[in-house]
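Hello, and thanks for passing this one along. Here are my notes as numbered points, to be read with the structure open beside you.

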Amino acid sequence: MLAGKKQYYFGKLIPNTKVMFIAEMPTQVPQNIWHQSKNFEYFEHSNTDEKFIEILQKHGFGGCYLTDIIKTATEARRPTKRECKEFVPLLLNEIEIIKPHLIIALGRSAEKILKNKKIVGDLVDEYEIKYLRHPSSVWRIKHPRKKLTIAQKWNIYELQIKKLQSKRIKTCGR
């Protein structure tokens, strides 16, 4: 990558994709994490990303299209109006190409953008958009009476994905 130039991140196209998972924006990851793994093809990712993909595959979402509204990696923050104006047309093009039966917003902020007609136009009317907490929020899952281990938190998250699985089957077929 050239100095001063932004790296754009698009989802990976998998034929016959019926479900799109859309997050808010990629987070900048140190350069030494850039590598190839079994689930990602040269993509900056974390252990959380790996666990998320593993759970998706386990529950029948393997091969789904994962992308971000904002296409450039930056420090963790909310996108600006300028970024939304710049990148939403690219996202709408991705959606037009994929033609998913179901869109799953990863996180409340992504959901707010995807359901805001002023930002995305008629997307809300054309596609079913469901919410799933962002995988990075697993660390913040709490129980009112006991302290949870990270494995227990991932189990709770996995149950949320399992609930979406029945929605995927109804919407997309098997």
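1. Let me start with a question: which residue forms a salt bridge with K71? The partner is E94, and their closest N and O atoms are 2.3 Å apart. K71 sits in the loop between β2 (65–68) and α2 (81–98), while E94 belongs to helix α2, so the pair ties together parts that are 23 residues apart in sequence. Both ends are covered: K71 is buried at a relative accessible area of 0%, and E94 is buried as well, at 6%. Please keep in mind throughout that this is a predicted model.

2. D68 deserves a look in the same neighbourhood of the sequence. D68 lies in strand β2 and is buried, yet no salt bridge is found for this residue. The nearest side chain of opposite charge is K71, 6.3 Å away, and a salt bridge needs the nitrogen and the carboxyl oxygen to be within 4 Å. What does D68 touch, leaving out residues up to four places away in sequence? The list is I22, A23, E24, M25, P26, L91 and E94. E94 therefore turns up twice, as a contact of D68 and as the salt-bridge partner of K71.

3. The model has 10 salt bridges by the rule used here. One of them joins E158 to K58, with the closest N and O atoms 2.7 Å apart. E158 is in helix α6 (residues 150–172) and K58 is in helix α1 (residues 47–58), so this pair ties together parts that are 100 residues apart in sequence. The two ends contrast in their surroundings: E158 is buried, at 12% relative accessibility, whereas K58 is exposed, at 59%.

4. Another salt bridge links K115 and E111, whose closest N and O atoms are 3.3 Å apart. Here K115 is partly exposed, with a relative accessible area of 39%, and E111 is buried at 12%. This pair does not stand alone, since R108, E111 and K115 are joined into one network by salt bridges that share partners.

5. Now to the nonpolar interior. The largest nonpolar core has 21 residues, and the members that touch the most others are M20, I22, I69, I95, I103, L114 and L123. Two or more residues come from each of β1 (19–23), α2, β3 (102–106) and α3 (108–114). The largest share, 6 residues, is supplied by α2.

6. M20 is a good residue to click on. Apart from neighbours within four places in sequence, M20 contacts Y65, T67, E94, I95, I98, P100, L102, I103 and I104. Among these contacts are I95 and I103, which also appear with M20 in the list of members touching the most others in the core. There is also a second, separate core of 20 residues, which includes F52, L56, F61 and L106.

7. Helix α1 passes a simple length check. Its 12 residues should span 16 Å at 1.5 Å a residue, and the end C-alpha atoms are 17 Å apart, which agrees. Which residues of α1 are buried? They are T48, E50, F52, I53, I55 and L56. Two of these, F52 and L56, are members of the second core. An α-helix has 3.6 residues a turn, so residues three or four places apart point the same way. After α1 comes G60, with a positive phi near 85°.

8. A backbone point to check by eye is K99, which has a positive phi of about 50° although it is not a glycine. Most residues other than glycine have a negative phi. K99 is in the loop between α2 and β3 and counts as partly exposed, at 48% relative accessibility.

9. On cysteines: how many disulfides does the structure hold? The count is 0. C64 is buried, with a relative accessible area of 11%, and C84 is buried at 8%.

10. Last, the overall layout. The chain has 6 helices and 4 strands, arranged along the sequence as β-α-β-α-β-α-α-α-β-α. Of its 174 residues, 42% count as buried. Among contacts with a separation of 6 or more, 72% are between residues 24 or more positions apart. The salt bridge between E158 and K58 described above ties together parts 100 residues apart.

Technical notes. Residues are numbered from 1 along each chain as its sequence is written. This is a predicted model: local features need pLDDT of at least 70, side-chain atom pairs count only at pLDDT 80 or more; totals for chains, interfaces and linings use all residues. Side-chain values use heavy atoms; hydrogens and water are left out. Buried means under 20% relative accessible area, exposed over 50%, partly exposed in between (1.4 Å probe, protein chains only). A nonpolar core is a set of buried Ala, Val, Leu, Ile, Met, Phe, Trp, Tyr and Cys residues joined through side-chain atoms within 4.5 Å. Contact means heavy atoms within 4.5 Å. The expected span of a helix is 1.5 Å times one less than its number of residues. Lys and Arg count as positive and Asp and Glu as negative; His and the chain ends are not counted. A disulfide is a pair of cysteine sulfur atoms within 2.5 Å.
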